[in-house]
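Open the model in your viewer and keep the selection box handy. We will walk through it one stop at a time.

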Amino acid sequence: MMNIFKTLTRVGIPVSPSMDPALADAQVDPSLGGINPRRVLYLSVITVVNAAVISLIARVLLLLINLITNISFYGNFSVEDTSPLHHQWGIWVIVVPVIGAIVVGFMARYGSAAIRGHGIPEAMEQVLVNKSRIKPIITFLKPVSAAISIGTGGPFGSEGPIIATGGAWGSFIGQIFSITANERKILLAAGAASGMACIFGSPLAAVILAVELLLFEFSPRSIIPVILGCITGAAFHYLYWGNAPVFTIPDVTAPTNTALLAYSAIGVIIGILAALITKAVYAIEDGFEKLPIHWMWWPAIGGLVVGVVGYFAPETMGVGYVNIDNLLAGKVTLHMLFVLGVLKFISWSFSLGSGTSGGTLAPLLTIGGALGLFTAFLLQLAFPNVHINFSVAALIGMAAMFAGATRALLTSIIFALETTRDGDTLLPLIGACVASYFVSFFLMRNTIMTEKIARRGVQTPHTYKPDLLESVHIKDAMVSNLVMMSHENTIGELRAWLYENKLGGYELAYPVVDADQQLVGIVKTEDVLLPETPEDAAITYVMHTNMVTAPEESTLRYAVDLMARHHQDILPVIDPQQNRFLIGMVSYRSVFSTYQHAKEADETSSLNISIKRQVMKMLIKNGVLK
């Protein structure tokens, strides 16, 4: 009997027909890149329903904030929109935030510690390490705790808690339905984004926020459900509050080139301040970590700071969206800029650092708007010939602060545009936000959203690059010169050949062919080397015949998915024109090697066009050099 250990060429070997059922069982369509339209439609329906529920929760949250605010500061049982600004408590107002913080501390201790903080970092952590699973109780505890915190004077906005609550609701629904972890991530992100769209009526900004902070991808299977959820949330916003812009800005004319330069300079300064503010918040949080008391009581200390600051500056307490309107309208004094830019920061940073329940977006907008306006005032004094619009300065200060602190660059720009609906601010927004983002990138390794989870060892993606395996075809990775085993060989003969050629652990598996060189199966090296496997048995004793194959034009991602799904160490590659001919093989080694080469090709610097050579060609062609 002749052993067949041949090198395969591109002539082709017929594949066993028994592989066809296994290939059909894979249920992976390489032309669709693994995206199932039916699943996208299914998720979209769930997302729209979720968005409607979350929008109702958002409305209830705002009414609850109003109720607690009226009770805490005015003794009225009412849900009318109000703020702590005109309270009559005098110095006793200091006690109100402390009481609210104590209640939140008890809810965190005996309910769930996950309600602490502003919610987005916690949601990001669940996406990255816990398959987007958030405890269902958060859906109830987060809005209630946030309403208590804000309603008793906490310097937060309602958008952070509703974003966290929307994400928790999406995760909850994703846990009671039979869906994948990736689909649950989409429901979580869509829930969070629809909550933001409902509060601000900014569906596009909400979509981009989901991409930049939660999804970490951009594909039809995720964007379609998220967009539909955000549209639904925005529709409820219009139902509740009408279609007027959330923030009103006076008419703005197109900026001059010198004004654009000034706005970009403001962005640079705000970027530096955003980095300092982020570091200060976490420094305060580190300080609380060193306190010799249980963390349940930390919010009370933060509430005390809120109360003391609020006694001297009541404008720092509560949601404070009216402060943003005043900044955009230019109806503020230098004293008010100090209150909103400095005292608001002190109140918010200590409260957030103490671990109470609240958000970051509205405080960052308020602080950024005040600092942007103050910076514009100084620039105008230094350069009186440069026409700076102070309303635009406040707006770009808000957006640049958000861009610098969170590095959600596109979200910051689009959010400012959607909430004001003034297209003439686009260029100043781009200049300021990009400048702030640029400075922040060099000053901070992490952001206000990612620093907390980074300290726990959870790293968030920095880029949204396409999957390299999707861009490489199987034909570029397959081994076309391979060794084939004969189905007539015995286990002993194969062992001897492996030992003789020192291939015992080199390849995990080999293809097996018959006398006509038709592929009949795959044999795993580990099965051949098992001591209990009889040496006189034919190789068919350990041969696997139920295999999957792939055409050479498919992507390497498709090949890897097939191999992983079917626990197959090698993947035979077939000719799509003659689907029973074997033309090569993919193994884990070829996958690793191809991936490394593709990555190095993307990241290796090279000179593709020589300017000197091109100039010489032109000179010779034109007869200049003879």
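Select A509 and K524 to begin: in this predicted model, K524 of strand 5 is the bridge partner of A509. Extend the selection to residues 519-524, which make up strand 5, and you will see it run antiparallel to strand 4, with five bridges between them.

Now look for the other neighbour of this pairing, strand 3 (residues 483-486), which is parallel to strand 4 and joined to it by two bridges. To find the place, pick S486, which sits opposite V513 of strand 4.

Stay with strand 4 and show the side chains of residues 509-513. Which residues point one way and which the other? A509, P511 and V513 take one direction, while Y510 and V512 take the other, and all are buried. Because five of the five residues in strand 4 are buried, the strand is largely enclosed by the rest of the structure.

Next, select residues 203-215, helix 8. How many of its 13 residues are buried? The count is 11, so to speak of the helix as mostly covered is fair. The buried set includes E212, along with A205, V207 and L209. Turn on the surroundings to see what does the covering: among the elements there are helix 4 (120-129), helix 6 (159-176), helix 7 (181-200) and helix 9 (220-241). Helix 15 (390-406) and helix 16 (409-420) also take part. Just after helix 8 comes F216, with a positive phi near 55 degrees.

From here, follow the positive phi values to two further residues. Most residues other than glycine have a negative phi. S132, in the loop between helix 4 and helix 5 (138-151), is not a glycine, yet its phi is positive at about 60 degrees. Is S132 buried or exposed? Its relative accessibility is 1%, so S132 counts as buried. R421 belongs to the loop between helix 16 and helix 17 (426-443), and its phi is also positive, near 55 degrees. With 43% relative accessibility, R421 counts as partly exposed.

For the last stop, select helix 13 (residues 334-353) and helix 14 (residues 361-382). Their axes lie 9 Å apart and the packing angle is about 145 degrees, in a left-handed crossing. By class, this contact has 13 nonpolar residues, two polar and one charged. On the helix 13 side, pick out residues including L337, K344, F345 and W348; on the helix 14 side, those they meet include P363, I367, F374 and F377.

Terms used
Residues numbered from 1 in each chain as written. Predicted model: local features only at pLDDT ≥ 70, side-chain atom pairs only at ≥ 80, totals over all residues. Heavy atoms only, no water. Axes fitted to C-alpha atoms, helices over the stretch in contact; angles between N-to-C directions. Helix = DSSP H or I, 4+ residues; strand = E, 2+ residues; numbered from the N terminus. Left-handed = near helix turned anticlockwise from the far one by under 90°. Contact = heavy atoms within 4.5 Å. Nonpolar A, V, L, I, M, F, W, Y, C, P; charged D, E, K, R; others polar. Buried < 20%, exposed > 50% of the residue type's maximum accessible area, 1.4 Å probe, protein only. Pairing = 2+ DSSP bridges.
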